[in-house]
Amino acid sequence: MQISPSILAADFANLQAELDKIASADWAHVDVMDGHFVPNLTLGLPVVARLVEVSPVPIDTHLMIEDPDRWAPMYADLGAKSVTFHVEAAADPRTLARSLRAAGARASMALKPGTPWAPYADLLPDLDMVLVMTVEPGFGGQSFMADQMPKVRAVRESVRRHGGEIWIQVDGGVSATTIEQCAEAGADVFVAGTAVYNAESAVANIARLRDLVSVHRH
Ligand code: DX5
Ligand code: ZN
């Protein structure tokens, strides 16, 4: 059970200090948005390159961008340990996943809420993680979509059948009130932005989220 706080909810003027606040997490989730695949625009390669250098935890990049076939391997090359591309944007997801692994990253594929899992289940051998979005990608602070839990269960069932250690990540609206149903459905990597970077201490928030899912094992 791993916690990956999203720095989308952090202070973008002080990213190094904001990363230091989440040293007790397993990953730092970095949302790359290009203003095309999603309406919002955040940051890209040069910023992620510096985050990799200063972060106390490995960087988990979530690429909400067009043409990931071209761009995603560059995030692996600069040292992001996990690189997630959206299947809706990828021309050749299998080749892309293989090139991410070849570049030394964990290869991960994301599904928007409207994207079904079944057509992509045969990609599992080339993946290290599947991200099931629990909001429409693009913005932090949105409401959790519980209707995505059947998809999490379906991915978990595929992983069970396939064997091996493939992680299932959920992202969007994950908080102390929603994280347990995600774990129960089969998720084991939890992204949380506002639930970590809020008025309370990030360290305490991470500990609380961890505690809530610690009874679950997949
Ligand atoms: C949304 C991003 C999320 C976002 C989650 O497109 O992918 O990572 O930061 O934020 P919260 O946890 O606030 O929903
Ligand atoms: Zn994200």
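Okay, let's start with the zinc ion, ligand 2. Along the sequence, its donor residues are spaced H-x1-D-x30-H-x108-D. One thing to keep in mind throughout: this is a predicted model.

Who are those donors? The zinc ion (ligand 2) is held by His29 through NE2, Asp31 through OD, His62 through ND1 and Asp171 through OD, with distances of 2.0 to 2.3 Å. Two of these residues bring distant parts of the chain together: Asp31 sits in strand β2 and His62 in strand β3, 31 residues apart. And are Asp31 and His62 buried or exposed? Both are buried.

Now, why do we call the arrangement octahedral? There are six donor atoms around the zinc ion (ligand 2), and because the angles they subtend run from 71 to 171°, the arrangement counts as octahedral. For reference, the ideal angles for six octahedral donors are 90 or 180 degrees.

Right, on to the empty space. Rolling a probe the size of a water molecule over the atoms shows where that space is left.

The largest pocket has a volume of about 280 Å³. Strands β2 (28-33), β3 (59-64) and β8 (189-192) are the elements that give two or more residues to its lining. That lining has 25 residues, and the ones nearest the pocket's centre are Gly140, Gly141, Asp171, Gly172 and Gly173. You'll recognise Asp171 there, as one of the residues that coordinate the zinc ion (ligand 2). By class, the lining of the largest pocket splits into 12 nonpolar, 11 polar and two charged residues.

The second largest pocket comes in at about 150 Å³. Its lining includes Met1 and Gln2, along with Trp167, Asp188 and the run His216, Arg217 and His218. Here the classes come out as four nonpolar, four polar and four charged residues.

How many cavities of 30 Å³ or more are there? The count is one, and about 30 Å³ of space lies in the largest cavity. Around the largest cavity you find Trp27, Asp60, Ser82, Arg106, Met129, Trp167, Gln169 and Val189. So Trp167 turns up twice, lining this cavity and also the second largest pocket. The cavity lining divides into four nonpolar, two polar and two charged residues.

Last stop, helix α2, residues 45-54. Leu45, Val48, Leu51 and Val54 are buried there. What do the buried residues of α2 pack against? Their partners are α1 (15-20), β2, β3 and α3 (68-77). That takes us back to β2 and β3, the strands that hold Asp31 and His62.

Note on methods: Residues are numbered from 1 along each chain as its sequence is written. Chains are lettered from A and ligands numbered from 1 in the order in which they are written. This is a predicted model: local features need pLDDT of at least 70, side-chain atom pairs count only at pLDDT 80 or more; totals for chains, interfaces and linings use all residues. Side-chain values use heavy atoms; hydrogens and water are left out. On a 1 Å grid over the protein atoms alone, a cavity is a set of points where a 1.4 Å probe fits but cannot get out, and a pocket is an open set with protein on both sides within 12 Å along at least five of seven lines; lining residues have an atom within 4 Å of a point. Grid points are joined across faces, edges and corners, and a volume is the space filled by probe spheres set on the points. Helices (H or I, at least four residues) and strands (E, at least two) are DSSP runs, numbered from the N terminus. Ala, Val, Leu, Ile, Met, Phe, Trp, Tyr, Cys and Pro count as nonpolar, Asp, Glu, Lys and Arg as charged, and the others, Gly among them, as polar. Donors are N, O and S atoms within 2.8 Å of the metal (3.2 Å for Na, K and Ca); water is not among the atoms, so sites may look incomplete. Four donors count as tetrahedral if all angles lie between 85 and 135 degrees; four count as square planar and six as octahedral if opposite donors are over 155 degrees apart and all others between 65 and 115; anything else is irregular. Buried means under 20% relative accessible area, exposed over 50%, partly exposed in between (1.4 Å probe, protein chains only). Contact means heavy atoms within 4.5 Å.
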